[in-house]
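Dear colleague,

Please find below the structure that I am handing over to you, with its sequence. My notes on what was found in it follow directly after.

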Amino acid sequence: MKLRLRSPKVVQDSSVAGEAEVDERSSQSCWANMPSELLREVLIRIEESEYKWPSRKNVVACAGVCRGWREIMKEVVKTPQVSGRITFPISVKQPGPRDTLLQCFIKRNQSSQTYHLYLSLSQALADDGKFLLAARRCRRPTCTDYIVSLNTDDMSKGSKTYIGKLRSNFLGTKFVVYDALLPHAGNRMAKSRSTRLVGTKQVSARIPPGNYPVAHISYELNVLGARGPRRMHCVMDQIPASSIKPGGVAPTQIDLPTGSADYFPLFRSKSSKFEKSVSSPSDDPTEGSLVLRNKAPRWHEQLQCWCLNFHGRVTVASVKNFQLVASPENGQPGPEHEKVILQFGKVGKDVFTMDYRYPISAFQAFAICLSSFDTKIACE
């Protein structure tokens with residue numbers, strides 16, 4: 001019987017691989033053991049210098065070096081509310097800036113029934129943009145679902161990158177925005193097989209926890225005729241009405257669900273978290289939810305149509321165009337009720353601008369805009 005001896009070349013390759021692994025560990029420990037003061041100063045300068053995409057990907061790369069670097073970057077990089085920037089995937093779930101509208105745009109593919117949200121990288125309406133979210137339209141017998149995902153190649157509800165959905169009624173006049181993450185501990189899961197209370201620690205690490213309603217959208221009869229904009233009424237269930245006032249706060253998510261964390265290792269955590277300093281509307285029974293409504297248009301005598309000032313962000317007239325402001329039904333009207341929180345308008349055959357600000361997030365704004373694409377026979 002012949003014995004097959006191990007090739008010296010194989011042994012040598014194995015040895016080289018082992019040495020490479022040791023060198024890699026030594027290199028990682030070298031970076032990880034940098035003095036914290038020096039490391040923090042370096043990362044702060046990187047974060048400040050890389051202001052826009054695509055150069056801002058260097059900030060994300062720094063957060064992926066090791067755990068120490070990641071923790072510092074999570075402290076250095078501010079939320080969109082403060083910085084006006086979108087950096088990590090979690091940014092799409094956080095409220096936008098307070099003082100300015102964060103400019104984005106949506107590209108529609110009618111053949112595949114998909115929609116892609118991009119962050120505008122310049123003032124030009126036709127720039128390439130930075131991809132943020134994707135949605136796919138799914139027609140059901142009694143309703144329509146828009147599945148929202150962080151990945152343009154996998155827009156299934158069972159995916160780790162699934163973050164929520166928009167569901168309409170049969171007529172396309174009423175919509176519910178569902179978030180895949182439990183907004184606040186103790187809230188009840190909507191339309192679940194189980195009706196027991198679910199806590200954040202009970203959420204599976206691999207399966208999306210469920211669908212939790214965070215907003216309700218309704219379209220009313222268009223009293224201005226076919227040329228007038230649609231009348232929308234949006235109730236943001238998880239955002240208090242006081243959030244639009246000076247010093248007001250809205251819930252701010254600081255970690256992605258653990259299912260999505262596997263896809264984005266920068267945000268790996270034991271449980272999903274929200275800022276403890278922010279209270280939910282349910283904490284105060286007298287506090288109502290934020291309600292958004294259409295900003296009233298004005299009649300243009302020369303054009304003979306109803307007009308809104310989009311400050312150059314909308315170039316094509318469409319019944320889908322809208323601007324949303326806070327409704328004064330929660331209290332006395334004030335200057336905060338005149339600020340446009342979300343505006344959406346057409347600039348091309350399948351290109352639409354979407355600009356939003358605090359207290360809503362990119363995900364919530366995207367879901368509201370998706371409702372405008374649905375057919376509404378009863379409203380027109």
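**Findings: a buried asparagine and the aromatic side chains**

Asn 211 is located in the loop that runs between strand E6 (174–179) and strand E7 (212–220). Please bear in mind throughout that this is a predicted model. With a relative accessible area of 9%, Asn 211 falls under the 20% limit and therefore counts as buried. Its side chain makes a polar contact of 2.5 Å with the side chain of Tyr 162. Asn 211 also lies 7.2 Å from Leu 181, C-alpha to C-alpha, with the two positions 30 residues apart in sequence.

I turn next to the aromatic rings. A pair of aromatic rings is described by the distance of the centres and the angle of the planes. The structure holds nine aromatic pairs. In one of them, the ring centres of Tyr 115 and Phe 373 are 4.8 Å apart and the planes stand at 35 degrees, so this pair is tilted. That angle is neither under 30 degrees, as stacking would need, nor over 60, as an edge-to-face arrangement would need. The pair joins distant parts of the chain, since Tyr 115 belongs to strand E2 (residues 114–119) and Phe 373 to helix H7 (residues 362–373), 258 residues apart. Tyr 115 is buried, with a relative accessible area of 4%, and Phe 373 is likewise buried, at 10%.

Phe 373 also pairs with Phe 352, and here the arrangement is edge-to-face, with 4.9 Å from centre to centre and 85 degrees between the planes. This pair, too, links distant parts of the chain: Phe 352 is in strand E14 (residues 351–356) and Phe 373 in helix H7, 21 residues apart. Phe 352 is buried, its relative accessible area being 1%.

Which residues form one aromatic cluster? They are Tyr 115, Tyr 146, Phe 322, Phe 344, Phe 352 and Phe 373.

Finally, there are charged side chains placed over rings. The charged end of Arg 98 sits over the ring of Tyr 358, at 3.9 Å from its centre. Lys 93 lies over the face of Phe 363, 5.3 Å from the ring centre.

With kind regards

Conventions:
Residues numbered from 1 in each chain as written. Predicted model: local features only at pLDDT ≥ 70, side-chain atom pairs only at ≥ 80, totals over all residues. Heavy atoms only, no water. Phe/Tyr/Trp six-rings, centres within 6.5 Å; stacked < 30°, edge-to-face > 60°. Helix = DSSP H or I, 4+ residues; strand = E, 2+ residues; numbered from the N terminus. Buried < 20%, exposed > 50% of the residue type's maximum accessible area, 1.4 Å probe, protein only. Lys NZ or Arg CZ within 6 Å of the ring centre and 35° of its normal. Polar contact = N/O pair within 3.5 Å; in protein donor to acceptor, adjacent residues only side chain to side chain.
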